[in-house]
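Reader: Could you take me through this model feature by feature, giving the general idea before the particular case?

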Amino acid sequence: MILKSLLEARLPGDIALSASGRDDLSYGQFTALVEDTFAALRRRGLARNDKLAIVLPNGPDMAAAFVACACAVTAAPLNPAYREDEFHFYMEDLKAKALLVDEGSTSPAIAAAKRLGIPVLVLSPQREAGAFVISGDAVASPSVQGYAEGEDVALVLHTSGTTSRPKIVPLTHSNLLASASNIRNTLQLTERDRCLNIMPLFHIHGLMAAVLATLTAGASVFATPGFNALKFFGWMEEAHPTWYTAVPTMHQAILQRAERNTAIIKANPLRFIRSSSASLPVPVFHALEEAFGCPVIEAYAMTENAHQMTSNQLPPGKRKPGFVGCAAGPMVAVMAPDGRILSSGEEGEVVTRGPNVTLGYENNPKANESGFAFGWFHTGDQGFMDEDGYLKITGRLKEIINRGGEKIAPMEVDEVLMEHPAVAQVVTFAMPHDKLGEEVAAAVVLREGRAVTERALQDFANGKLAAFKVPKKIVILDEIPKGATGKLQRIGLAQKLGLA
């Protein structure tokens, strides 16, 4: 089964994609777009499993190009914010056969492609949201191959590579369809739903949860140009969505403006809000449910799993603040270093296996040996299951702070500082120490109109944490530096903040 089958199974007249200033794109038109894109890529010599680097702005064209191109070749979306040398690295590492950019693009990806001798194809948007035509030079002689099949690679993404060289994650059509179906089932999506997408579409979260899961249900996606807290409620009023999905930092920015937009919230009631890609602080969970009057569903996800692994449940199922839910598609377990599966309450590494999980990193036998030991994929996350099978993530194994042999989970410190009434955001991280090796530090953003000193926050933490876990340095910032997808990143933060 391939992605094209998602579209063909829907009613041709139903809306698939919408966007501000564009006509709606129906499922019938989307199917025709896939067929036209397939023909355009084959004419230019691109075959199944050839990698097409895609550098497009967020929006309906990127959403449609991902699906349409993946039906013919392997889609390789790249962050449009990269610099030329970064594009050069990623396209060379991928062995990309061609680059796709939008009409009039001045992206440094074009210069990088020329340095590598990679042909550049151009996407020209049409009237309907996501509709386009492709032009550009041939890559090779025309290919006569048919559409991609289930075990062909539909999508490749790099891992973030915060501590080592980024790894290439290949995901097949079967992986993506399994994951999209898991998300659809968890969220009980139907053709009556509409997702307001604010997630970047060079990232697995937006591609899978917002776009593919929605299409699997025959529902529609309102595609925005990317996250903008100032425009969120205007989009909500225009799109009339039934749900949206985001990372915690986005939810927090939306919350800051929710009180001023209660009329829009009331006029456009959401069925639920989804959170993923990072831990959602418990106070934010409760504030979101109160502000929007709907359940917040926190999920746990990772690129190697084609996104979703566990999820909290919609009512009447359980949702547990601070937990990332129970297995939601793949098998999920907690493992000891020797490969033993641990019982509830026992802490270890979270592992998964199932049809959504990649079969392995590309050209990286060393990473595959450690990452897929004992027949399971090893997430690198530490956690435990409760008696109901709900998973609590206690930290990244690589992010654990080693303070002279004392191990501190940064998320534990985050949770305590988030309880302070003046605190809006926290990220705890390791900073170098000449004798202990590492010391605990934290970066904090305060709530609007609130003030608090570093000493007062340390005293607050000291009442709830062992002394060695209390941050020796707390930096109060207007904004915490984030990664390209909006996630707070602990590794490297000491250097960014001048504490190394």
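Author: Let us start with a single residue: Gln495 lies in helix H15, which spans residues 493-496. Keep in mind throughout that this is a predicted model.

Reader: Is Gln495 buried or exposed?

Author: Exposure is judged from relative accessible area, with exposed meaning over 50%. Gln495 has a relative accessibility of 51% and therefore counts as exposed. Its position can also be read against the chain, for Gln495 and Met431 are 64 residues apart in sequence, while their C-alpha atoms are 8.2 Å apart in space.

Reader: How should I read the packing of two helices, and at what angle do H3 and H7 pack?

Author: Two packed helices are described by the angle between their axes and by the distance between those axes. Helix H3 (residues 60-70) packs with helix H7 (residues 204-216) at an angle of about 65°, and their axes are 11 Å apart. H3 and H7 are therefore roughly perpendicular to each other, and their crossing is right-handed. On the H3 side the contact is made by Ala63, Phe66 and Val67, and on the H7 side by Leu207, Val211, Leu212 and Leu215. Sorted by class, the residues of this contact are seven nonpolar, no polar and no charged.

Reader: What is the spacing along a helix that lets residues point the same way?

Author: An α-helix has 3.6 residues a turn, so residues three or four places apart point the same way. With that in mind, consider the contact of H2 with H3, made by Phe30, Leu33, Val34, Thr37 and Leu41 of H2 and by Ala64, Val67, Ala68 and Cys69 of H3. The class count for the contact of H2 with H3 is eight nonpolar, one polar and no charged residues.

Reader: How do the axes of H2 and H3 cross?

Author: The axes of helix H2 (residues 27-43) and H3 come within 8 Å and cross at roughly 60°. H2 and H3 are therefore oblique to each other, and H2 passes H3 in a right-handed crossing.

Reader: Turning to sheets, in what order do the nine strands of the open sheet run?

Author: A sheet is read by following its strands from neighbour to neighbour and noting the sense of each pairing. Here the order is S2-S1-S11-S10-S12-S13-S14-S15-S16, and the pairing is mixed. Strand S2 (25-26) and strand S16 (326-327) are the edge strands, each pairing on one side only. Within this order, strand S13 (residues 272-275) and strand S14 (residues 296-302) pair in the parallel sense over three bridges, and Ser275 has Glu298 in S14 as its bridge partner.

Reader: Which strands do helices H6 and H8 meet?

Author: Helix H6 (residues 173-187) lies across strand S12 (243-246), S13, S14 and strand S15 (307-311), and runs at about 35° to S15. Helix H8 (residues 232-239) also packs on the sheet, where it touches strand S10 (194-197), strand S11 (220-223) and S12, its direction making about 155° with that of S10.

Reader: How many residues of helix H9 are buried?

Author: Burial is the opposite reading of accessibility, and buried means under 20% relative accessible area. Helix H9 (residues 248-258) is mostly covered, since nine of its eleven residues are buried, among them Pro248, His251, Gln252 and Leu255.

Reader: What is the order of the open sheet of four strands?

Author: That sheet has the order S17-S18-S19-S20, with antiparallel pairing. Strand S17 (331-335) and strand S20 (391-396) stand at the edges with a single partner strand each, so one side of each is left without a neighbour in the sheet. Direction ignored, neighbouring strands of this sheet are turned by 45° against each other on average. S17 pairs with strand S18 (residues 348-353) in the antiparallel sense over five bridges; the partner of Val332 is Thr352, and that of Met335 is Glu349.

Reader: Why can S17 be called largely enclosed by the rest of the structure?

Author: Position within a sheet and burial are separate readings. Four of the five residues of S17 are buried, so S17 is largely enclosed by the rest of the structure.

Reader: Where is Asp381 found, and which residues does it touch?

Author: Asp381 is found in strand S19 (residues 377-385) and is buried, with a relative accessible area of 6%. Leaving aside residues up to four places away in sequence, Asp381 touches Tyr300, Met302, Gly348, Glu349, Val350, Ile393, Gly395, Arg396 and Leu397.

Technical notes:
Residues are numbered from 1 along each chain as its sequence is written. This is a predicted model: local features need pLDDT of at least 70, side-chain atom pairs count only at pLDDT 80 or more; totals for chains, interfaces and linings use all residues. Side-chain values use heavy atoms; hydrogens and water are left out. Axes are lines fitted to C-alpha atoms, for helices over the stretch in contact, and angles run from 0 to 180 degrees between N-to-C directions. Angles under 35 degrees count as roughly parallel, over 145 as roughly antiparallel, 65 to 115 as roughly perpendicular and the rest as oblique. A crossing is left-handed if the near helix is turned anticlockwise from the far one by less than a right angle, and right-handed if clockwise. Contact means heavy atoms within 4.5 Å. Ala, Val, Leu, Ile, Met, Phe, Trp, Tyr, Cys and Pro count as nonpolar, Asp, Glu, Lys and Arg as charged, and the others, Gly among them, as polar. Buried means under 20% relative accessible area, exposed over 50%, partly exposed in between (1.4 Å probe, protein chains only). Two strands pair if DSSP finds at least two bridges between them.
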